[in-house]
Amino acid sequence: MTDAFWAERPEEILRVDTGFRLAHIDPGSKPGTVATKLEGQTELARSAQEMRELQEKLFAQSREGAPERLLVVLQAMDAAGKGGIVNHVFGQLEPYGLELTAFKAPTEEERAHDFLWRIEPRVPGPGVIGLFDRSHFEDVLIQRVRGFAPPEEIERRYGAIVDFEERIAGKGVRIVKIMLHISPEEQGTRLLDRLNDPEKHWKYNPGDVDERVHWSSYMQAFQIAIERTHAEHAPWYVVPANAKWYARAAVQRIVISELQRLSPEWPAVKFDVAAERERVLQTLGISWP
């Protein structure tokens, strides 16, 4: 047992491995724990300080030239809970070391360039945690399913993604890709919740219903994209997401694990601590014993 909440490490059991089949993963399951929703919310709050400390170390060491940084890619069907992950997991981090990019449908200018043209400028700098709410994978998911790009172009993009991720990993970017896996039934329930609550109408997109018709095709597209782009330096995790509290706790633990892989450390000081303490005390009119 790893702790009171996790019986098995989510960063191990949710990580894609040889023989991965998305169809074999139950979106309603809660691998690694038998905890309740209340316990999940408590775990989220309990682990927040650990995550913030790792983030602060990562940022601090970059001030001394360390190149390491973390890029978290969130992909999912609509209403799978990406917004909740952003708010409840990453919202607990210090804003100065976090960069969120929510990629929407490409603009006319973006469509005039290669699909990675708008992605590369958003790669986080040293010491920063970058969060992509959707990403370059839209260009091998929706574009594959809806036929917005020809098959040969989709095929080229898999290779381009692998090359891109390998290149930025070589510059100190630790990449972690997370699919929030929701069932079509749960998605339908959440869409109805948005329609039934006037304060959530702004979240509802009629186009989401159109995409539901292609659910099986999307699952196949996810399967292929994950198979083709999973790598040691840029692993995929599939997180069952029907239970929002579970998905949030699991993503938080995965992020903590990936930050630990980077092994950030407080940078060594380049000044005499005792001498500087004495100087500060002197400005306060206090003599150090």
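## The largest cavity

Helix α10, which spans residues 244–262, gives the most to the lining of the largest cavity, with 3 residues. The full lining is made up of Ala 80, Gly 81, Ile 85, Leu 180, Lys 244, Ala 247 and Arg 248. Sorted by class, these are 4 nonpolar, 1 polar and 2 charged residues.

How many cavities of 30 Å³ or more does a search of the whole structure find? There is 1. The volume of the largest cavity is about 40 Å³. Please keep in mind that this is a predicted model, and that every value in this tour is computed from it.

## The chain as a whole

Let us step back for a moment. The chain has 289 residues, and buried residues make up 49% of them. Along the chain there are 11 helices and 5 strands. Taken along the principal axes, the box filled by the C-alpha atoms is roughly 75 × 45 × 40 Å.

## The largest pocket

Now for the largest pocket, which holds about 1,300 Å³ of space. Several elements give two or more residues to its lining: β1 (69–76), α3 (82–88), α5, α7 (184–196), α8 (207–212), α9 (215–229) and α10. Helix α10 therefore turns up in two places, as a contributor to the pocket lining and as the element that gives the most to the lining of the largest cavity.

Which residues lie nearest the centre of the largest pocket? They are Asp 78, Ala 79, Lys 82, Arg 134 and Asp 208, out of 43 lining residues. By class, the lining has 14 nonpolar, 10 polar and 19 charged residues.

## Two loop residues with positive phi

Arg 134, one of the residues nearest the centre of the pocket, has another feature to look at. Its phi is near 70°, a positive value in a residue other than glycine. You will find Arg 134 in the loop between β3 (129–133) and α5 (142–145). Is Arg 134 buried or exposed? With a relative accessibility of 15%, Arg 134 counts as buried.

Ser 263 also has a positive phi, near 50°, and is a residue other than glycine. Ser 263 belongs to the loop between α10 and α11. Ser 263 is partly exposed, at 46% relative accessible area.

## A buried serine

Another serine to find is Ser 183, in the loop between β4 (173–181) and α7. Ser 183 is buried, with a relative accessible area of 10%. From C-alpha to C-alpha, Ser 183 and Arg 144 are 20 Å apart in space, while in sequence they are 39 residues apart.

## Salt bridges

Side chains of opposite charge can pair when their charged atoms come close. How many salt bridges does a search of the whole structure find? The search finds 24. One of them joins Lys 270 to Glu 64, with the closest N and O atoms 2.9 Å apart. This pair links distant parts of the chain, 206 residues apart: Lys 270 is in the loop between α10 and α11, and Glu 64 is in the loop between α2 (37–62) and β1. Lys 270 counts as exposed, at 71% relative accessibility, whereas Glu 64 is partly exposed, at 43%.

A second salt bridge is formed by Arg 228 and Glu 155, whose closest N and O atoms are 2.8 Å apart. Arg 228 sits in helix α9 and Glu 155 in helix α6 (residues 151–169), so this pair ties together parts that are 73 residues apart in sequence. Arg 228 is partly exposed, with a relative accessible area of 36%, and Glu 155 is partly exposed too, at 42%.

## Helix α11 and its surroundings

Helix α11 has a salt bridge of its own, between Arg 279 and Glu 276, with the closest N and O atoms 2.9 Å apart. The two residues are separated by about one helical turn, because they are 3 residues apart in helix α11. Glu 276 is partly exposed, at 30% relative accessible area. Elsewhere, salt bridges that share partners join Arg 15, Arg 174, Glu 232, Glu 258 and Arg 261 into one network.

Val 273 lies in helix α11, which covers residues 273–283. Val 273 is partly exposed, at 41% relative accessible area. Together with Val 269 and Phe 271, Val 273 forms a nonpolar patch on the surface, with about 280 Å² of accessible area in total.

Key: Residues numbered from 1 in each chain as written. Predicted model: local features only at pLDDT ≥ 70, side-chain atom pairs only at ≥ 80, totals over all residues. Heavy atoms only, no water. Patch = residues over 30% accessible without salt bridge, like charges linked within 9 Å, V, L, I, M, F, W, Y side chains within 5 Å. Areas by Shrake-Rupley, 256 points an atom, 1.4 Å probe, with all protein chains shown as cover. Salt bridge = Lys/Arg side-chain N within 4 Å of Asp/Glu carboxyl O. Helix = DSSP H or I, 4+ residues; strand = E, 2+ residues; numbered from the N terminus. Buried < 20%, exposed > 50% of the residue type's maximum accessible area, 1.4 Å probe, protein only. 1 Å grid on protein atoms, 1.4 Å probe; cavity = no way out; pocket = protein on both sides within 12 Å on 5 of 7 lines; lining within 4 Å. Points joined across faces, edges and corners; volume = space filled by probe spheres on them. Nonpolar A, V, L, I, M, F, W, Y, C, P; charged D, E, K, R; others polar.
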